[in-house]
Amino acid sequence: MAQANSIKAFLGQTGQIFRFAGRFFNQVFKPRYEVAEFFRQCYIIGYRSMPLIGLTGFIMGLVITMQLRPSMVSYGVESQLPAIIGIAMVREIAPVITALIFAGKIGSSIGAELGSMKVSEQIDAMKVSGTNPFKYLVVTRVLATTLMLPILTILSDAISLYGSYIGVNISGNISFNLFWTQIFNNLAYYDVIPAFIKTFFFGFAVGIIGCFKGYTTQKGTAGVGRSANSAVVISSIMIFILDLLAVQITELLGFN
Amino acid sequence: MMPAVSNKSERDRGQPKETVLKIRHLYKSFGENHVLIDFNMDLYRGENVVVLGKSGSGKSVLIKCIIGLIKPDKGMVEMFGKSIPKLNDAELDQVMARVGFLFQSNALYDSMTIRENLEFPLRRHMLDITQKEVNTIVMEALKDVGLSHTVDLMPAELSGGMRKRIALARTLILRPDIILYDEPTTGLDPVTAKEIIGLMLDIQKKYNTSSIIISHDMNCLRLTGDRVIVLMNGTNHVTGTYQEIINHEDPAVKEFFE
Ligand SMILES: Nc1ncnc2c1ncn2[C@@H]1O[C@H](COP(=O)(O)OP(=O)(O)OP(=O)(O)O)[C@@H](O)[C@H]1O
Ligand SMILES: [Mg+2]
């Protein structure tokens, strides 16, 4: 019984999120365009996330290289290390880990910010001040997350591979040029492009779910915490679902 | 800075009555909860109407219906002779620029400074205004509420009474013709409450605005209410002057003054 109810609640919520996304697409192309607020959000969501994404990317590249290295050595394929790391990072690890960190940082802050604006009637106050709050708050943020996550992922790709280069050099020795030549020789367009495209969807998911959760917060400060929390949980799950879909689609299209 | 609080009845009011807001047969339900059932009222230029009603009687719902934050199920809301539900977005924006709303919770934007809070409605409604004009208007509005020194602070750095005054300044910044106050003095100490009431009267005198004031505060009612409407069972149960209401026979009305 309880399970039936929670499945019902889940489906109901999924429907609401899709309707919310529909409202986004309905409004995004109609004036008035909130350009200034959009750039402000890009700065907050993109630029201010760079240190975190850079740091985690660096450690990720370094650690994965150090972990993989012993097995590679024992199989005698140590020289393939840069190629393998490059493919793994660019195709899967960097996009997904970056998206998850992004969901944790940005999804929760959007959920909490819009949630507290909702319960303290600031969203209503915007309506009274002649502003469409959906455009001003939701459209700008969703556009910013959609466009900034791909950029952050490229940053993460580059820094994690640099971390990997350092990792290789801790116990081995490879020149900077050789390392990058090996990586680029083994990366094809069909490694890079689908991985890049899916990050737009990840970014969109984080933005739309964070905004949905915040915008529909129930009264009370407990509601704000719950919104922030479920924004992270749902968008993290969504990232994995989208990742699964992406791999299926690229396979169907023969990009492998 | 604070004006002497004068009793409303002592003030002269000779101008002919111009109706700025007209509500007829307003209904609003939330599911089975019928909040407004055939509510009617008029608001004339330059007058203050106090709406009195128990907690949960639908006072906030009423003024949110007026300003369009809640869509009524049926009924007529007419402002400056224009029917609100029939307006398109641009026309509605124009009418709404002439209406101020003071939220029960102040609803200051807490990620913005006081200056940005006050600039927000200006920039939204007046697209071709220059930065210099904005600065002048903002500083004047802050001077009106006696808080010029807070211009670069964040709302969280102010006390409750100061926040209420900033919210009032933001409500008034577009010089509205109609102001809707949702419990302007609730939760304030009597001295601060009196200051807020003084400001409200001051502004009304200065700009000849009309106001709907929701309040439980008897001081506020006595000092500001030209007319009083008792909201009960979703309708305008009793309407009258302050004197008529406090001497009213109806036991349900008497309850408010015990
Ligand atoms: N958005 C909403 N959805 C559902 N019910 C609502 C909504 N807003 C108000 N109500 C209900 O309408 C009724 C009137 O609420 P309202 O906030 O207008 O009361 P009030 O007279 O302002 O009370 P108070 O003096 O406590 O502020 C309440 O029963 C409330 O539960
Ligand atoms: Mg209320």
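Which backbone atom of chain B lies 2.8 Å from an oxygen atom of ligand 1? In this predicted model, the atom in question is a backbone N or O atom of B:Gly56. A second backbone approach is made by B:Gly58, where a backbone N or O atom lies 3.0 Å from an oxygen atom of ligand 1. Side chains are represented as well, since a polar side-chain atom of B:Asn33 is placed 3.1 Å from an oxygen atom of the ligand. Of the 630 Å² of accessible area that ligand 1 has on its own, the protein covers 61%.

The shell around ligand 1 comprises 14 residues, and the closest of these are B:Ser55, B:Gly56, B:Lys59, B:Ser60 and B:Val61. By class, the shell consists of eight polar, three nonpolar and three charged residues. Two secondary-structure elements of chain B, β2 (33-44) and α1, each supply at least two residues of this shell. The greatest contribution is that of α1(B), with three residues.

The second site considered is the interface between the two chains. Here, 16 residues of chain A are in contact with 21 residues of chain B. The size of an interface is often given as the accessible area lost when the parts come together. For chain B and chain A, the buried area is about 1500 Å², and carbon and sulfur atoms give 51% of it. On the side of chain B, the residues that lose the most area to chain A are B:Leu69, B:Tyr109 and B:Arg124, which together account for 37% of what that side buries.

Polar and charged pairs were also examined across the interface. The count of salt bridges between chain B and chain A is two. In one salt bridge, the side chain of B:Arg124 meets that of A:Glu34, with an N to O distance of 2.9 Å. B:Arg124 thus appears both in this salt bridge and among the three residues of chain B that lose the most area to chain A. In addition, 10 residue pairs are found in polar contact across the interface, with both residues of each pair at pLDDT 80 or more.

With respect to secondary structure, α1 (59-67) and α3 (114-125) of chain B each provide at least two residues of the side that touches chain A. The largest share comes from α3(B), which gives five residues. The side of chain B that touches chain A has 11 nonpolar, six charged and four polar residues. Helix α1 of chain B therefore recurs in both descriptions, as a supplier of residues to the shell around ligand 1 and to the side of chain B that touches chain A, by the DSSP assignment of helices.

Methods:
Residues numbered from 1 in each chain as written. Chains lettered and ligands numbered in written order. Predicted model: local features only at pLDDT ≥ 70, side-chain atom pairs only at ≥ 80, totals over all residues. Heavy atoms only, no water. Contact = heavy atoms within 4.5 Å. Buried area = accessible area lost by both parts, 1.4 Å probe. Salt bridge = Lys/Arg side-chain N within 4 Å of Asp/Glu carboxyl O. Polar contact = N/O pair within 3.5 Å; in protein donor to acceptor, adjacent residues only side chain to side chain. Helix = DSSP H or I, 4+ residues; strand = E, 2+ residues; numbered from the N terminus. Nonpolar A, V, L, I, M, F, W, Y, C, P; charged D, E, K, R; others polar. Near = heavy atom within 4 Å. Areas by Shrake-Rupley, 256 points an atom, 1.4 Å probe, with all protein chains shown as cover.
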